[in-house]
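Please examine the sequence and the three-dimensional model shown below. The paragraphs that follow lead through its aromatic groups, its strands and some individual residues.

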Amino acid sequence: MEHLKLYHVQTIPLDERCLVVEGPVPPGRLSELTMHPDLDAFRRPADQHQALVEIAGLEEGRIIITREENVIVGYVTFHYPDEQERWSQGNMEDLIELGAIEVANDYRSLGLGQKMIKTAFEDGQMEQYIVFTTEYYWHWDLKSSGLNVWDYRKMMERLMKVVDMVWYATDDPEICSHPANCLMVRIGSKVPLTSEEQFDRIRFQQRFMY
């Protein structure tokens, strides 16, 4: 399967400075940048930087970033689901996970998350994919945001809806382990019905419960 990657860039004035939202960014360019020290939600910034470079080098991988000069202050990752998760079952070539989104503390409330996600979908380049994200409350920065789990979930739902991702039901144990967790999905206009049906079989594996 050919993975269409169309680069887009936009600039955002910020006082006397300028932010750049761009992507998908190739691994060579990513390796030239540095990570903001606050980008530590998933692992140490240096380790996460290396992970971004590796994802960008994957055939299907996409990294969208926000940077100030040569410092990455936000990013969104897209890649195939992890082999350890149920979503990798069936080895679907057209099932892509929006895996992580993170913005440094000082750059929040600028709408960067929305801008980065929209960049990934520019020019219909994601229409051939089922794009999904799994939202787990233990990944959310409740402390810095000052939000409770329900308000944070509403915020994440609003964020994903900018590209028409919607809530989908599933019997996945991790998602079902807390009512604030959720699965959000966007099925592209060029996705065949056979892929939709296969995804449904992955979503529900304990049908006797329903």
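One aromatic cluster in this predicted model is formed by Trp87, Phe132, Tyr168 and Phe199. A charged residue accompanies the cluster member Trp87: Arg86 lies over the face of that ring, at 6.0 Å from its centre.

In total, the structure holds eight aromatic pairs. One of them is edge-to-face: the ring centres of Phe78 and Phe121 are 6.1 Å apart, and the ring planes stand at 75°, an angle that falls in this class because planes over 60 degrees apart count as edge-to-face. Phe78 belongs to strand E5 (residues 71–79), whereas Phe121 sits in the loop between helix H3 (112–120) and strand E7 (130–135), so this pair ties together parts that are 43 residues apart in sequence. Both Phe78 and Phe121 are buried. Trp140 and Tyr152 provide a stacked pair, because their ring planes are at 15° with the centres 5.2 Å apart. Trp140 lies in the loop between E7 and helix H4 (142–145), and Tyr152 in helix H5 (residues 149–161); the pair therefore ties together parts that are twelve residues apart in sequence. Trp140 and Tyr152 are both buried.

Strand E5, which carries Phe78, also merits attention for its strand partners. Of the nine residues of E5, eight are buried, and the strand is thus mostly covered. With E3, strand E5 pairs in the parallel sense over two bridges, and Val71 in E5 is the bridge partner of Thr34. Strand E4 (residues 62–68) runs antiparallel to E5 and is joined to it by seven bridges; here Ile64 stands opposite Val76 of E5. The hairpin of E4 and E5 has two residues between the strands, and Glu69 in this hairpin takes a positive phi near 55°. Strand E6 (residues 95–103) pairs with E5 in the antiparallel sense over six bridges. Phe78 takes part in this pairing too, with Leu98 in E6 as its bridge partner.

Which residues does His36 contact beyond its neighbours within four places in sequence? They are Pro45, Val71, Ile72, Val73, Ala104 and Tyr107. His36 itself is found in the loop between strand E3 (34–35) and helix H2 (45–56). With a relative accessible area of 13%, His36 counts as buried, because the cut-off for this class is under 20%. The side chain of His36 also reaches the backbone nitrogen of Asp38, at 3.0 Å.

The backbone geometry holds further points of interest. Most residues other than glycine have a negative phi, and most peptide bonds are trans. The peptide bond from Gly23 to Pro24, however, is cis, with omega near -5°; Pro24 lies in the loop between strand E2 (17–23) and helix H1 (27–31). Ser109 is not a glycine, yet has a positive phi of about 70°. Ser109 is located in the loop between E6 and H3 and is exposed, with a relative accessible area of 79%. Asp123, likewise not a glycine, has a positive phi of about 60°. The loop between H3 and E7 contains Asp123, and this residue counts as exposed at 55% relative accessibility.

Finally, an annotation can be set beside the model. In an unreviewed entry, UniProt lists residues 26–170 as "domain: N-acetyltransferase". Over residues 26–170, the chain is 30% helix and 25% strand, and the end C-alpha atoms are 34 Å apart.

Notes: Residues are numbered from 1 along each chain as its sequence is written. This is a predicted model: local features need pLDDT of at least 70, side-chain atom pairs count only at pLDDT 80 or more; totals for chains, interfaces and linings use all residues. Side-chain values use heavy atoms; hydrogens and water are left out. Helices (H or I, at least four residues) and strands (E, at least two) are DSSP runs, numbered from the N terminus. Buried means under 20% relative accessible area, exposed over 50%, partly exposed in between (1.4 Å probe, protein chains only). A polar contact is a pair of N or O atoms within 3.5 Å; within protein, one must be able to donate a hydrogen and the other to accept it, and residues adjacent in sequence count only if both atoms are side-chain atoms. Contact means heavy atoms within 4.5 Å. UniProt positions are given in the numbering used here, feature names are shortened, and annotations may be inferred rather than shown by experiment. Rings of Phe, Tyr and Trp (its six-membered ring) pair if their centres lie within 6.5 Å; planes under 30 degrees apart count as stacked, over 60 as edge-to-face and the rest as tilted. A charge sits over a ring if NZ of Lys or CZ of Arg is within 6 Å of the ring centre and within 35 degrees of the ring normal. Two strands pair if DSSP finds at least two bridges between them.
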